[in-house]
Amino acid sequence: MSSRDVLFPVLALNEKVRNHVLNLLGKNGYPSVGTDNLDDLVASIKGKKYALIFVDSEAILAYGTWIVPQVRTACRECRLILLCSQMHRNFVQRVMELGAYGCIIEPYAEWELLTMVRPIIADLQLEKKLRALRTKRLDKTSANDNP
């Protein structure tokens, strides 16, 4: 699996934040799509296996912290990263408790974003390999059981 197999949606109500993160992701070869609407985000991730979702603190203000479980329901194995402004640092603990994978505090430096993204991609690659091995073993066991 490569980063092309992973969806990188960015739900950011702050247009500058959305454009900045989309530019950083694009510059580093991560296919991304930006939105300012929760319904569009949920529709884009529903049924996906691999997505790394970025949500800004303005979206948390607008939609509430319940956005995290809603996103996790739409895409169980997706990872959510909070893009938190300095002014809204009080969201970090609650969002993390609800199941966010991590948080990046503004100014959203490229190195910080990549430090978060690269290990997640590596984890997803490992998970995919492990699933393939389990499936292969189950298939082999089933074939041995049926003469």
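Buried here means under 20% relative accessible area, exposed means over 50%, and partly exposed covers what falls in between (1.4 Å probe, protein chains only). The model is predicted, so local features need pLDDT of at least 70 and side-chain atom pairs count only at pLDDT 80 or more, while totals for chains, interfaces and linings use all residues. Residues are numbered from 1 along each chain as its sequence is written, and side-chain values use heavy atoms, with hydrogens and water left out.

Starting with the overall layout, the protein chain has six helices and five strands, taken as DSSP runs numbered from the N terminus (helices: H or I, at least four residues; strands: E, at least two). Along the sequence these follow the pattern β-α-β-α-β-α-α-β-α-β-α. Measured out along the principal axes, the C-alpha atoms fill a box of roughly 65 × 30 × 25 Å. Of the 147 residues of the protein chain, 39% count as buried. With contact taken as heavy atoms within 4.5 Å, 69% of the contacts between residues at least 6 apart in sequence join residues at least 24 apart. The accessible surface of the chain comes to about 8,300 Å², and 51% of this belongs to carbon and sulfur atoms; such areas come from the Shrake-Rupley method with a 1.4 Å probe, and for residues only the protein chains shown count as cover.

On to the charged pairs. Side chains of opposite charge can pair when their charged atoms come close. The whole structure yields three salt bridges, each a side-chain nitrogen of Lys or Arg within 4 Å of a carboxyl oxygen of Asp or Glu. In one of them, glutamate 127 meets arginine 79 at 2.8 Å, N to O. Glutamate 127 sits in helix H6 and arginine 79 in strand E4 (residues 79-84), so this pair ties together parts 48 residues apart in sequence. Arginine 79 is buried, at 13% relative accessible area, whereas glutamate 127 is partly exposed at 25%.

Helix H6 also supplies glutamate 110, which pairs with lysine 27 (2.9 Å, N to O). Lysine 27 belongs to helix H1 (residues 15-27), and the two partners are 83 residues apart, so distant parts of the chain are linked. Here glutamate 110 is partly exposed at 25% relative accessibility, while lysine 27 is exposed at 61%.

The pair of arginine 94 and glutamate 97 has its closest N and O atoms 3.8 Å apart. Both lie in helix H5 (residues 91-97), and being three residues apart, they are separated by about one helical turn. Arginine 94 is partly exposed at 41%, and glutamate 97 is exposed at 51%.

As for the cysteines, one disulfide turns up in the whole structure, the term meaning a pair of cysteine sulfur atoms within 2.5 Å. This disulfide joins cysteine 75 to cysteine 78, with an S to S distance of 1.5 Å. The link is right-handed, with 60 degrees about the S-S bond, and both cysteine 75 and cysteine 78 are buried. Why does cysteine 84 have no bond to cysteine 103? Cysteine 103 holds the closest cysteine sulfur, but at 4.9 Å it is too far for a bond. Cysteine 84 is buried, with a relative accessible area of 0%.

Back at the surface, Leu126, Leu130 and Leu133 form a nonpolar patch with about 260 Å² of accessible area together. Patches are made of residues with over 30% relative accessible area and no salt bridge, joining like charges within 9 Å and nonpolar side chains (Val, Leu, Ile, Met, Phe, Trp, Tyr) within 5 Å. Leucine 133 belongs to helix H6 (residues 110-145) and is partly exposed, at 41% relative accessibility.
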